[in-house]
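These are my notebook entries on one structure, kept in the order in which I looked things up. I began with a term that I needed and then went from a core to the sheets and helices.

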Amino acid sequence: METPDDVVDLRDITKSYRVGFRHARREAVSGLSLSVGPGQIFGLLGPNGAGKTTTLKVMLGLAFPDAGEGTVLGRPLGDREAHMRLGFLPESPYFYGFLTAEKALQLYGRLFGLDAEVLSERSARLLDLVGIPRESHLTLDKYSKGMLQRIGIAQALINDPELVIMDEPSSGLDPLGQKEIRDVLLGLREDGKTILLSSHQLSEVESICDSVSIIDSGRVVIEGSLSELLTEPGTTRITLRGGGEAAGAALAPLATNVRRDEGEIIMDVAADDAYRALEKASELGLGLVSVEPARRSLEDLFLEAVRGDGP
Amino acid sequence: MRNTLLIAGNVIKDAARKKLFYVVFLFGLAVLGLSPLLPTFDLGVRAQFLRDISISLTSLFGVVMAVVLSVNLIPGEVDMRTIYNILSKPVSRAQYLVGKYLGILGTLAIILSVMALEILILVGARLSLFTPVVLEGVLAVFLEAAVIAAFSLGLSTFASAPINVFATALFYLLCHVKTGFLHQKLMEGAGGLARVFMWVLYYLLPNLEDFNVSQQVGYGSGVTLSYALRIAGYSILFSAMFVFIGYLVFKRRDL
């Protein structure tokens, strides 16, 4: 449901491309609607070919929808005034190979009309942020994929944007780099920015996103706040320490699901049975680690959404 | 305008990185290589011959460079996806296309200026003659190359590089024969569809022979100011038309 404050608002977007020798039309996006509220990290998920990149291109005016309409930062799709206030990281970004990292940032910054002093300060800060030596004389055609990704992130932030759109921000990065980028994104959210990212990395999305839309075959199949989507209503998860197979078997009649993981028993019980389960655990001499609302993983949700698999 | 010029500057830097400016050395070598063929007549004939072949060579190099610079500029950026980093910024497609075109013109201007200098030096060294009239010839080559670059750039907004090269070569040929071959065929009264086709080609294509001033430069008389202004206007008109047609395609193209 869109609100007047939405940073991104797409309504019934349909986009098809001509493919193959006979130029038959293939729909990449079919009647897709999407709303992204301000100040959050929003994840756009979907299997390969689901229409994620096409959706981002439509938002940015890089592709034109066959039907539907929308706004970005309150402006029509592809509007230059909106582009002044947003940053974009394409998937596996490429740059003019003859530029150094600093020169590239200065080029992109000048396209926003930033003056030399601001640009110099900002490009130095961003290069530090993404871990690229600012005095490097290496031209970008000598950079590894991971380093180009870092430059891509820096250029997306050069105008201090209100909205950052990122297509696979962790692509090509090692685990340390992925962690650093997650921290950057969380820092941006703390600064009040809105981040819309498309990603295959479900663990990354689960750890940082506030809301998600899962799309499949060009349509939104699930959307909402991540905490609501992943919480299993009416189910409590109890984690216990100690015990063996026998303890697990004794608890099984009270639980909807019991499993052992690294010396712990993790059981999901109906909320009404939680006290009885805790009493039983106490009788069995098990230590209590935690009691919390049961959550399913984003992977389970994703598979359920795109394949109809239940957990 | 700022963004247009930034994009133009980048085209020139990219040409430098691709070592396209080295073509001026090739040109110098070609003129040097041909100069021993100078006839052993009097100084006037030798100067005429040297100026003539120099301008003809400049024209050849100018046209080839115009195609090389234009043909893959946009398809290359789309394939490499460098275009996303530009058009997701506050840069319109018109600014982008015009910036690219101005960058091509800037690169051509640099290359042709150096070639002009080489001709002046070579003619001066060989014949102890200062012949600034060659500058008029190089200017005409630049104006012709500008039209060809505009045609090729406009075409590159939707055509692949091989098709573009073929079509630009055909365009160049037709534009040079239109006053001769096409005009003759029209006068001979070819009928039906062929006549309509030839009529369209004859009246819509620029006459690139207008830019061929090698004879005037060869004789040393040069061209009048009014002629120079006329071909400059002609070049601007057709260049603007081809870039604009390219823009009409490009502004709705999915990237």
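**Entry 1: a term, and a core.** Before listing any neighbours I wrote down that contact means heavy atoms within 4.5 Å. I also noted that I am reading a predicted model. With that term in hand I looked up A:L185, and, leaving aside its neighbours within four places in sequence, I found A:L185 in contact with A:I41, A:M166, A:I195, A:L197 and A:I208. I then asked which residues of the largest nonpolar core touch the most other members. That core has 155 residues, and the ones that touch the most other members are A:M59, A:Y108, A:L185, A:L196, A:L197 and B:Y96. Apart from this core I found another, of 13 residues, which includes A:L240, A:A255, A:M267 and A:V269. As background I noted that nonpolar side chains tend to be buried together in soluble globular proteins.

**Entry 2: chain A as a whole.** I next looked up the general description of chain A, whose secondary structure comes to eleven helices and 14 strands. Its C-alpha trace spans about 70 × 50 × 40 Å along its principal axes. Of the 311 residues in chain A, buried residues make up 50%. Among the contacts in chain A with a separation of 6 or more, 66% come from residues 24 or more positions apart.

**Entry 3: a sheet that includes β1.** I followed an open sheet of four strands in chain A, which has the order β2-β1-β4-β5 and antiparallel pairing. Its edge strands are β2 (24-36) and β5 (75-76) of chain A, each of which pairs on one side only. Between β1(A) and β2(A) I found nine bridges, and the bridge partner of A:R18 in β2(A) is A:R25. These two strands form a hairpin with four residues between them, and A:G20 in the turn has a positive phi of about 75°. Strand β1 (residues 8-19) of chain A also pairs with β4(A), in the antiparallel sense and over five bridges, with A:T14 opposite A:A67 in β4(A). Strand β4 (residues 67-72) of chain A in turn pairs with β5(A) over two bridges, and there I noted A:V72 opposite A:R75.

**Entry 4: a sheet that includes β11.** How are the strands ordered in the open sheet that contains β11 of chain A? I read the order as β12-β13-β11-β14, with antiparallel pairing. The edge strands here are β12 (257-261) and β14 (287-295) of chain A, and the twist averages 20° from one strand to the next. Five bridges pair β12(A) with strand β13 (residues 264-270) of chain A, and A:D261 stands opposite A:E264 in β13(A). Helix α10 (residues 274-283) of chain A lies across β11 (231-241), β13 and β14 of chain A, and runs at about 10° to β11(A).

**Entry 5: two helices.** Last I looked up helix α3 (residues 101-110) and helix α5 (residues 145-156) of chain A, whose axes come within 10 Å and cross at roughly 30°. Angles under 35 degrees count as roughly parallel, and α3(A) and α5(A) are therefore roughly parallel to each other. Their crossing is right-handed. The contact is made by A:A101, A:L105 and A:Y108 of α3(A) together with A:I151, A:A154 and A:Q155 of α5(A). I had already met A:Y108 among the residues that touch the most other members of the largest nonpolar core.

Conventions
Residues numbered from 1 in each chain as written. Chains lettered and ligands numbered in written order. Predicted model: local features only at pLDDT ≥ 70, side-chain atom pairs only at ≥ 80, totals over all residues. Heavy atoms only, no water. Pairing = 2+ DSSP bridges. Axes fitted to C-alpha atoms, helices over the stretch in contact; angles between N-to-C directions. Core = buried A, V, L, I, M, F, W, Y, C linked by side-chain atoms within 4.5 Å. Buried < 20%, exposed > 50% of the residue type's maximum accessible area, 1.4 Å probe, protein only. Parallel < 35°, antiparallel > 145°, perpendicular 65-115°, else oblique. Left-handed = near helix turned anticlockwise from the far one by under 90°.
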